[in-house]
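Hi there,

Here is the structure I promised to pass on. Please have a look at it first, and then read my notes below.

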Amino acid sequence: MTEAPQGSKPAIIIVSAEHAEHLADEFGRYARDYDIVTARSGDDAMAATMRVVRRGSDIAMFVADSMLPDMHPLVGISMLRSAVPTARRLIVSPWDRFREDGPALRPGLQKGKFDAFLLMPRGARDEEFHTAVCELLSEWGATVPVPLVDSVQLVSDNGGGLTLAIRDYLDRVGSPNRLYAPESEVGREIVALYDGEPTYPLMRAYMTDQIVAPGSVREVATMITGRPDDILVDTVADILIVGAGPGGLAAAVYGASEGLSTVAIEAEAIGGQAGTSSMIRNYLGFPRGISGGKLAQRARSQAIRFGTQFFTGWPATALKPGEGGDPHTVCTEGGDVRARTVVIASGVDYRRIGIPAIDELVGRGVNYGAAMTAAREMEDQLVFVVGGGNSAGQAAVHLARFARSVTILIRRPDLSSTMSRYLIDEIDHNPRITVRGNAAVVDGGGQDQLEWIEIEDTATHERRRTDARGLFLLLGAEPHCAWLPPEVCRDERGFVLTGRDVPMEYWVDNCPPESLATSVPGIFAVGDIRSGSMKRVASAAGEGASVVPLIHAYLERPADE
């Protein structure tokens with residue numbers, strides 16, 4: 001067994017009896033940034049893991065041969081996962097065993113026991129292999145270690161709700177950041193440079209020496225990307241998209257790529273609710289999965305390349321339908337945009353739990369949504385996730401990399417009717433995650449942080465208090481519709497009606513609107529905001545793409561129709 005010299009670099013641990021030297025040579029291209037550690041057996045790999053952990057270094061990845069001399073590779077990778085849950089797990093197979101290994105190992109891959117199953121490189125420059133490795137290392141680097149270079153420095157004395165919201169926003173837009181205590185060296189420097197009595201959080205961004213005490217996420221967006229209230233579109237846009245989640249981003253890409261002048265406004269960070277997902281494994285074309293944030297960043301770059309203008313940080317406050325062929329107008333506090341067509345893609349929010357004692361602790365152990373930033377703070381803690389949808393499952397899997405235990409609480413008896421099978425299987429095979437059916441949170445509390453919650457059995461109504469340091473609430477969808485006028489019809493829950501669901505008095509010549517068209521001509525709806533939508537990333541993106549031909553048809557109609 002050989003090890004690189006000790007240091008602060010994270011480690012990649014390779015375990016193989018026959019191919020250790022070959023794999024170490026292949027991973028040599030990463031030696032500048034990672035310690036490459038080799039082991040000949042599962043037990044040797046475990047011993048090496050303990051040495052790396054004791055010296056205080058991170059482990060970024062385990063690479064296991066598909067045949068180990070002392071144990072089945074799934075047993076070995078499970079053992080290593082238990083030791084370091086945050087590390088990515090890769091199993092590689094040599095060419096002469098690949099056909100035999102595949103059927104035996106792929107069921108474990110489907111259940112989330114490891115992250116990727118790859119063919120071992122047989123020659124130089126196997127970039128397909130290294131693309132997969134780099135994707136896994138990139139995912140690890142974005143979610144686990146403290147950034148080596150912090151583009152944004154935050155100083156806070158309590159890490160409250162605003163601090164967490166700012167860090168979550170920065171993570172979603174891909175801006176490396178770090179939180180410092182006021183008494184730390186960096187904290188003292190920033191406090192000393194601040195002009196006035198410090199009000200936390202304080203913030204310093206890389207592009208300026210200015211130190212500010214932001215009062216909202218919008219102020220942070222302004223400081224990072226420039227003031228977004230200069231929404232000045234001096235012509236009438238062909239398409240105005242409200243919301244930049246998967247549906248809005250797809251509409252932006254397809255609309256702009258077909259030559260339509262396209263403007264998108266987004267209240268928060270690009271990506272919407274999907275942008276908070278730690279790992280989407282069933283999205284077409286990404287066999288190893290992709291985080292919601294990365295998917296959103298790629299889509300935004302693609303849309304910008306085709307000419308879409310994005311304005312972030314300003315929610316829509318009103319929609320004024322055009323009359324007699326006039327353009328529609330969407331109002332924001334930063335300016336108005338006129339457009340021939342409007343695509344409503346503003347998505348949904350997580351429903352509030354309605355328990356004041358719990359809502360008072362938001363940002364201090366209680367979080368609505370996945371709150372990816374908070375996951376690092378849950379190390380070795382007791383964590384609860386409330387919700388039975390895919391977002392809740394993805395949050396639980398990610399939190400289990402850090403927390404001592406994660407308990408999913410659902411009102412239904414089990415997850416079978418609300419969550420994708422691949423996530424249920426992954427949860428079933430994760431020793432740190434348990435599912436508790438017929439359960440609801442009814443109370444909670446703590447001094448400065450969440451310390452306990454009370455859970456009610458919905459069948460027996462028995463209540464029991466339990467220790468808790470993290471509570472992640474993913475309670476279902478509430479539409480973002482307060483800004484819409486009454487002319488845009490909605491269902492009893494507030495979701496926008498489209499197509500045949502639009503009341504018949506709005507039909508023209510006894511024909512319903514097109515499938516994604518609303519009750520107002522020229523106004524369309526896609527994604528989670530639309531009544532009857534599937535509430536899935538892929539379906540929202542599909543609707544965003546499908547709405548563009550309908551917009552073309554609308555724009556090409558004679559003006560007197």
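Strands in these notes are DSSP runs of type E with at least two residues, numbered from the N terminus. Please keep in mind that this is a predicted model.

**A buried arginine**

With that in hand, let me begin with Arg88, which belongs to strand 4 (residues 88–93). Its relative accessibility is 0%, so Arg88 counts as buried. What does the side chain of Arg88 make a polar contact with? The partner is the side chain of Glu139, at 2.9 Å. Setting aside neighbours within four places in sequence, Arg88 also touches a mixed set of residues, including Ala60, Met61, Phe62, Asp115, Trp140 and Arg401.

**Two helices that meet**

The next thing to rotate into view is the pair formed by helix 9 (residues 246–257) and helix 15 (residues 537–555). Their axes come within 7 Å and cross at roughly 35 degrees, and the crossing is right-handed. On the helix 9 side, the contact is made by Pro246, Gly247, Ala250, Ala251, Tyr254 and Gly255. Helix 15 brings Val537, Ala540, Ala541, Gly544, Ala545, Val547 and Val548. Sorted by type, the residues of this contact are 10 nonpolar, 3 polar and no charged.

**Cysteines**

You may be wondering about disulfides: how many does a search of the whole structure find? The count is 0. Take Cys481 as an example: the closest cysteine sulfur, in Cys489, is 12 Å from its own, and a disulfide needs the two sulfur atoms within 2.5 Å, so the pair is too far apart for a bond. Cys481 is buried, with a relative accessible area of 6%. Cys134, in turn, counts as partly exposed because its relative accessibility is 39%.

**Backbone details in the loops**

A few spots in the backbone deserve a look as well. Tyr200 and Pro201 are joined by a cis peptide bond, with omega at about 5 degrees. You will find Pro201 in the loop between helix 7 (185–193) and strand 8 (202–205).

Arg125 has a positive phi, near 55 degrees, though it is a residue other than glycine. Arg125 sits in the loop between strand 5 (116–119) and helix 5 (127–143), and at 69% relative accessibility it counts as exposed.

Asn510 also has a positive phi without being a glycine, at about 65 degrees. Look for Asn510 in the loop between strand 25 (477–479) and strand 26 (523–525). Is Asn510 buried or exposed? With a relative accessible area of 61%, Asn510 is exposed.

Happy browsing, and all the best!

Key. Residues are numbered from 1 along each chain as its sequence is written. This is a predicted model: local features need pLDDT of at least 70, side-chain atom pairs count only at pLDDT 80 or more; totals for chains, interfaces and linings use all residues. Side-chain values use heavy atoms; hydrogens and water are left out. Buried means under 20% relative accessible area, exposed over 50%, partly exposed in between (1.4 Å probe, protein chains only). Axes are lines fitted to C-alpha atoms, for helices over the stretch in contact, and angles run from 0 to 180 degrees between N-to-C directions. Helices (H or I, at least four residues) and strands (E, at least two) are DSSP runs, numbered from the N terminus. A crossing is left-handed if the near helix is turned anticlockwise from the far one by less than a right angle, and right-handed if clockwise. Contact means heavy atoms within 4.5 Å. Ala, Val, Leu, Ile, Met, Phe, Trp, Tyr, Cys and Pro count as nonpolar, Asp, Glu, Lys and Arg as charged, and the others, Gly among them, as polar. A polar contact is a pair of N or O atoms within 3.5 Å; within protein, one must be able to donate a hydrogen and the other to accept it, and residues adjacent in sequence count only if both atoms are side-chain atoms.
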